[in-house]
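Please take a moment to look over the sequence and the model before reading on. The paragraphs that follow lead first to a pair of helices and then to the ligand.

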Amino acid sequence: MKFVQDASEFPIKEEYDYIIVGGGTTGCPLAATLSKKFSVLLIERGSEPSKYPSVLNEQQLLNVFTVEDDGKNPFNRFISEDGVENIRGRVLGGSSMINGGVYSRADPEFFRTQLGMQELDMEMVEKAYEWVEEAIVFKPSLNLWQGAFRRFLVEGGVEPDNGFDLRDDVGTKISGSIFDENGTRHGAVELLNKAQPTNLKVAVQAIVQRILFSGLSANGVLYSDSKGKLHTAYIRKEGEIIVSAGAIGSPQLLLLSGIGPKSYLSSLQLPVVLHQPHVGQSMMDYPRFGYVLAWPFPLSFTSSKVIGISQNKTFYFQSIASTTPLSIPPLFSIFPPNSTSLTTTSLATIGGKFSKVASTGSLRLNSSADAASNPIVRFNYYSHPADVAMCVKGVRKVGGFLKTQTVENIKTRDLEGNKTIQFVGLPLPGNLSDDSAVGEFCKKTVTLYWHYHGGCLVGKVVDGNYSVIGVKNLRVLDGSTFAVSPGSNPTATLMMLAR
Ligand SMILES: Cc1cc2nc3c(=O)[nH]c(=O)nc-3n(C[C@H](O)[C@H](O)[C@H](O)COP(=O)(O)OP(=O)(O)OC[C@H]3O[C@@H](n4cnc5c(N)ncnc54)[C@H](O)[C@@H]3O)c2cc1C
């Protein structure tokens, strides 16, 4: 793409109609859309994905957990204060370039209750989803494992079988995928192909250090390039800055720019532009519950392609499988620590998340108050009893899947000839009706779907038009604005909203 250039080649000072911070899942479709009518600068701290071809290949998806974070590659790791290792994208296309590729729309209820949209807007929503889907979404063909998973969801009562479906309907479905039939990823970066190229400039390897203000009006950004040189970009009259740096990056940048709790910012000697107590608050993440099974037969690697949506959309179930050996650091817990030494041939995770998390946490700057390093975040997994109660119910449900005929058919025999299932890591509690044993199991096996959100919520930090409350010319649009993550997986809806 000709309009993508290393930031070091950009002028020291420039002017645009719109400046978008973060060339991620939301930032790319936003830039493509706005460029049709306006001049746009999109600023991304990572490089182009072509520099890291492994991110484009589904079979190398697990690299996300194995490749070291050298501060430059696409895999930006962080460990929350809860002690759970986590990850975010640092590449043009953002987390859509390192994620599991599941593409699934939101529940229409999400637009009404979370976004305050009226019926009328739904036509626009539909068109915006389609704009994304015609470019980067594929109908996956199921390999043996995903086929089996689909059967045992249906046999386990997650009905009806809705076949291939992008919608968020109760039942079991083959979801959309941003991996094509050859396993090539088509992330948000490809939506830049829809831009008006003469109106768009994309600066990569450019870290926005802070938003610049004149009084309470945002008027530009200060960013550094890979050589440490500082650049400024300003907006023209009527222009705007839109922060799409993700649920970790957006609250971080607002705090660095002086929008946050006054006493906190003052304690860090940061100039205060606006006292805003909600920035960095209400950080939420979904703990994944479930188990890992080992099989003596080979299973080719497969990211998740089938989704089970329970009655009332209380739970979402997904599964991935891989051949051993794996060398995933234990903290990630996709597969438990002893997985690598197993003599079995394949592993499969059966997991679920519940649709609403009650536990919330917060985000603050680290001591260097530097945009290039991770802020400190805490999600307080299972601190709210409602989440434990939901997990207990969810574990019972996934436990029930083990009683299905499909699982019965693929059980293996132990030395005494009994049919068994081999759990890897912590097995499911023997008595699933024991609330406290199952609750303990939930707390001991926190793994993730990486659907963390919050930090700049609608109604608290931004208004219904995503404008930052209390200042002019500044919006935030990305996962940080969500109080609930849409549907089973958020990518589809973030891209749709950007459009
Ligand atoms: C391992 C993993 C698997 C997942 N699997 C799925 C899945 O299968 N399906 C699904 O729908 N969702 C999945 N998700 C979640 C989904 O990918 C994210 O919720 C979504 O991509 C977030 O989009 P965003 O626009 O909010 O942020 P991002 O896409 O992360 O974009 C933020 C961008 O801002 C840039 N940035 C941050 N700070 C700055 C700064 N100061 N200056 C310049 N640039 C900056 C970042 O580099 C990044 O590119 C997964 C996530 C992960 C990590």
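When two helix axes meet at an angle of 65 to 115 degrees, they count as roughly perpendicular. In this predicted model, helix α8, which covers residues 385-401, packs against helix α10, residues 435-444, at an angle of about 100 degrees, and their axes are 9 Å apart. Helices α8 and α10 are therefore roughly perpendicular to each other.

The contact between them is made from the α8 side by Val388, Cys391, Val392, Val395 and Arg396, which meet Asp435, Val438, Gly439, Phe441, Cys442 and Lys443 of α10. Sorted by character, the residues of this contact of α8 with α10 comprise seven that are nonpolar, one that is polar and three that are charged.

From the helices, the reader can turn to the ligand. It is surrounded by 35 residues, of which Thr25, Thr26, Glu44, Ser95 and Thr491 are the closest. A polar side-chain atom of Glu44 lies 2.6 Å from an oxygen atom of the ligand, and a polar side-chain atom of Asn99 is placed 3.0 Å from an oxygen atom of the ligand. For Asn489, the partner is a nitrogen atom of the ligand, with a polar side-chain atom of this residue at 3.2 Å.

Taken alone, the ligand would expose 1,000 Å², and the protein buries 95% of that area. The elements giving two or more residues to the shell around the ligand are β5 (85-89), β11 (207-214) and α11 (491-498). Across the shell, the residues divide into 18 polar, 13 nonpolar and four charged.

Key:
Residues are numbered from 1 along each chain as its sequence is written. This is a predicted model: local features need pLDDT of at least 70, side-chain atom pairs count only at pLDDT 80 or more; totals for chains, interfaces and linings use all residues. Side-chain values use heavy atoms; hydrogens and water are left out. Axes are lines fitted to C-alpha atoms, for helices over the stretch in contact, and angles run from 0 to 180 degrees between N-to-C directions. Helices (H or I, at least four residues) and strands (E, at least two) are DSSP runs, numbered from the N terminus. Angles under 35 degrees count as roughly parallel, over 145 as roughly antiparallel, 65 to 115 as roughly perpendicular and the rest as oblique. Contact means heavy atoms within 4.5 Å. Ala, Val, Leu, Ile, Met, Phe, Trp, Tyr, Cys and Pro count as nonpolar, Asp, Glu, Lys and Arg as charged, and the others, Gly among them, as polar. A residue is near a molecule or strand if one of its heavy atoms lies within 4 Å of it. A polar contact is a pair of N or O atoms within 3.5 Å; within protein, one must be able to donate a hydrogen and the other to accept it, and residues adjacent in sequence count only if both atoms are side-chain atoms. Accessible areas come from the Shrake-Rupley method with a 1.4 Å probe; for residues, only the protein chains shown count as cover.
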